[in-house]
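Work through the exercises below with the structure open beside the text. Try each task before reading its solution.

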Number of protein chains: 4
Amino acid sequence: MAKVSQAHLDARRRSILDAAAKVFAEKGVAAATMAEIAQEAGISPGAIYRYFPSKEDLARGCMQGSAEAVKAAWQHPEQVETDFRTLSRATFAELERPGADADTRLLLERALVAVRDDDAAMVEEFGTELQRIVRGVAFLLRRDFGARLEGLDLEALAQALYSFYWGARFMRLMAPEAVAPTRQLEALQALMEAAFTADRESDSTER
Amino acid sequence: MAKVSQAHLDARRRSILDAAAKVFAEKGVAAATMAEIAQEAGISPGAIYRYFPSKEDLARGCMQGSAEAVKAAWQHPEQVETDFRTLSRATFAELERPGADADTRLLLERALVAVRDDDAAMVEEFGTELQRIVRGVAFLLRRDFGARLEGLDLEALAQALYSFYWGARFMRLMAPEAVAPTRQLEALQALMEAAFTADRESDSTER
Amino acid sequence: MAKVSQAHLDARRRSILDAAAKVFAEKGVAAATMAEIAQEAGISPGAIYRYFPSKEDLARGCMQGSAEAVKAAWQHPEQVETDFRTLSRATFAELERPGADADTRLLLERALVAVRDDDAAMVEEFGTELQRIVRGVAFLLRRDFGARLEGLDLEALAQALYSFYWGARFMRLMAPEAVAPTRQLEALQALMEAAFTADRESDSTER
Amino acid sequence: MAKVSQAHLDARRRSILDAAAKVFAEKGVAAATMAEIAQEAGISPGAIYRYFPSKEDLARGCMQGSAEAVKAAWQHPEQVETDFRTLSRATFAELERPGADADTRLLLERALVAVRDDDAAMVEEFGTELQRIVRGVAFLLRRDFGARLEGLDLEALAQALYSFYWGARFMRLMAPEAVAPTRQLEALQALMEAAFTADRESDSTER
DNA sequence: TATGAATGAGCGTTCATTCAT
DNA sequence: TATGAATGAACGCTCATTCAT
């Protein structure tokens, strides 16, 4: 075939990733076979190895780049014109997107494998992202609700919200017929508003 | 060899399950081998098949019965003398117990497998437990905070809290150095109290 | 099958080694397949792995223990009642034994692999054996021919004889119709005797 | 592209052979890959097949033409002004040349393959060369040492010396730290001289 | 002619499962 | 009943070879 344009190669790479993501999501990384992925991608098993050195790498490759925009926004909220409420909603709206469940499946599976195999790099990556996002959450909470947070353990609260996010993803995966993540978020936001607004009112009362 | 007491057989079955749970949690179901489990249980690989027809069945058998007491309490809060705050704390305290992470690993993995393989029975089971617990949460919230919840989407809030619980488990697994689940819980409870207490105060103010 | 006698296991191990030696000799280690060896041994491929952890180990296992008696004699000539001429003949007689060529093939192949892959342990082993045998050769030469060796580089001569041994093995392998190793040996021994006997005679002449 | 000069094609063929010889010597024929050879030769894998129909053929092509001068001299000693001692030394000096070990490796490997696969042509070739060289050795021995060889099995001795040559090559490959081939040769030549010189003296004595 | 992406058969190895003992 | 040796299908991966460009 010789000298195929880079665009062709990139497209092929993409199609392999897509096929892999589909098969991995369907069967799990362990149960999926390279032959299946190849078939799904319409190529031969051997060809995959020109693009990815191993099944493991292919699996890793499947995980990158979902909901990048939202992730970036949380990590650098000061660079984005947004507020906590809006960004939260956008984030949870992402979970309603078709394919979000497949992403969750894959993400959770990879996370479990990483922990199990003591894949330091991967765990580290997760930890770093966690930290950054939690920092972003805290930043937005402080900016949006300011002094009213006084007395609250802000870091713990931010992490609790992050936990809630992951739990909601998991919940949606396991029980699609349950209350939607967005509605859960609304409930929690209502709670927060009640807490913060109330504070203010009680403050004003005290004055 | 002939007749062996039923108690003996049950004990053997139990010891296989324990061994399997340990190995599965360590390596994941896919990576664990029957030989390992047999060794851990102190029997031969062949013997396992007298008690479980396949590895998959063995894996299914492993998932039952961790933190039963707490689960039961949430599902039937009216039969237990407890309140939301106390039961929450007990629940999260469980997560600090050694072995809790292994349980989380196993639970998540099995959950993923169940969804993946469309294991209706298993998904159903998860869904049922979810419903019952959420109902229990809602029950306790209402009993403990009563009228102050007015205007809140109680069911959604209860589910959000359940999501938070699972997210916190996952978080702890992935990033043990992050804020402990219990501290996250404290933060969230502080928020709730602020919201509800404030409500009362603002109510009283308004009156 | 359970509890099979150790003798059975040993026999099985032996039969695998025999099958492997045969196939390896026929096709070379690289070209031989585990499936072939299994078939030759009358078992399944998987069964081999209960006895040898890898093809490589199996190949190593094939190399041990050929002509052990002779090797031992050269390495410890002082413990054996023998002389250079007798032991040499016995050594070369071994090469006429059926199967000797297959051994040579295997030995040379393994040696090449060892050098190529920088298998330090294996190369070391060869080097050690070389040293010991050369020492033995030198020992016997000195004991049998004594003072008449004066002026000769004994170590170099011993090594030359060892080289000759290996070359003769190789020669026989490559050109079976050429002069037999034993006849080559005779020629060389005649040369040695001429040299040493002559020395004596010339000595006596000088006196 | 059309017509390329024959010289060009030959040069290309040569460069492929060189590359192949290098890679084969480094890794062995089995472990070497066509891709590696292509890279070493600075062309594409596909191009090799314009010059050699298969890897095996390429390997065969690699064996020709090392130390041609010395080989020719042994095969036609009457056409060269030399004597046994000098030619032997030149031959063994070749073994000290850098790259000699790689040649030995390749030669031995190919020889083993030839025997294994019953490659009649190749074995034949080796046999023919053997015969010719042995004849040359015998010729030189007779010319240089003449009558003093009486009673010796000249053909066997010549073959023994050829065996020694190959053994020394092998030895040097396997145990570079052992006594150098040239020193082994010296020892053997000293032995021969002792034998032949002695003979003369004893002859003269007898007369 | 040369390229190099693609093929696909084939390998070593694993391990759930079976079954003779 | 328990054993554990044996099975054999299946997998990830390699690489000599082909052929569209």
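The exercises that follow concern how two domains meet in a predicted model.

**Exercise 1.** State which domains chain A is divided into, and how far apart their C-alpha centres lie.

*Solution.* Begin with the bounds: chain A is divided into domain 1, covering 6-60, and domain 2, covering 63-206. Then take the C-alpha centres of domain 1 and domain 2 of chain A, which lie 31 Å apart.

**Exercise 2.** Describe the interface by residues in contact and by buried area, and find which three residues of domain 1 supply the most of that domain's share.

*Solution.* First, nine residues of domain 1 of chain A are in contact with nine residues of domain 2 of chain A. Next, the two domains bury about 720 Å² between them, with 48% of this area on carbon and sulfur atoms. Finally, of the area that domain 1 buries against domain 2, 64% is supplied by Ala25(A), Val29(A) and Arg60(A), which is more than any other three residues supply.

**Exercise 3.** Work out which polar interactions link the domains, and characterise the side of domain 1 that touches domain 2.

*Solution.* Start with the salt bridges, of which there are two between domain 1 and domain 2 of chain A. Arg60(A) forms a salt bridge with Asp119(A), and their closest N and O atoms are 3.5 Å apart. Four residue pairs are in polar contact across the interface, counting pairs with both residues at pLDDT 80 or more. On the side of domain 1 that touches domain 2, helix 1 (6-27) and helix 4 (55-63) of chain A each supply at least two residues. By class, that side has six nonpolar residues, one polar residue and two charged residues.

Definitions and conventions: Residues numbered from 1 in each chain as written. Chains lettered and ligands numbered in written order. Predicted model: local features only at pLDDT ≥ 70, side-chain atom pairs only at ≥ 80, totals over all residues. Heavy atoms only, no water. Domains from an automatic or database assignment. Contact = heavy atoms within 4.5 Å. Buried area = accessible area lost by both parts, 1.4 Å probe. Salt bridge = Lys/Arg side-chain N within 4 Å of Asp/Glu carboxyl O. Polar contact = N/O pair within 3.5 Å; in protein donor to acceptor, adjacent residues only side chain to side chain. Helix = DSSP H or I, 4+ residues; strand = E, 2+ residues; numbered from the N terminus. Nonpolar A, V, L, I, M, F, W, Y, C, P; charged D, E, K, R; others polar.
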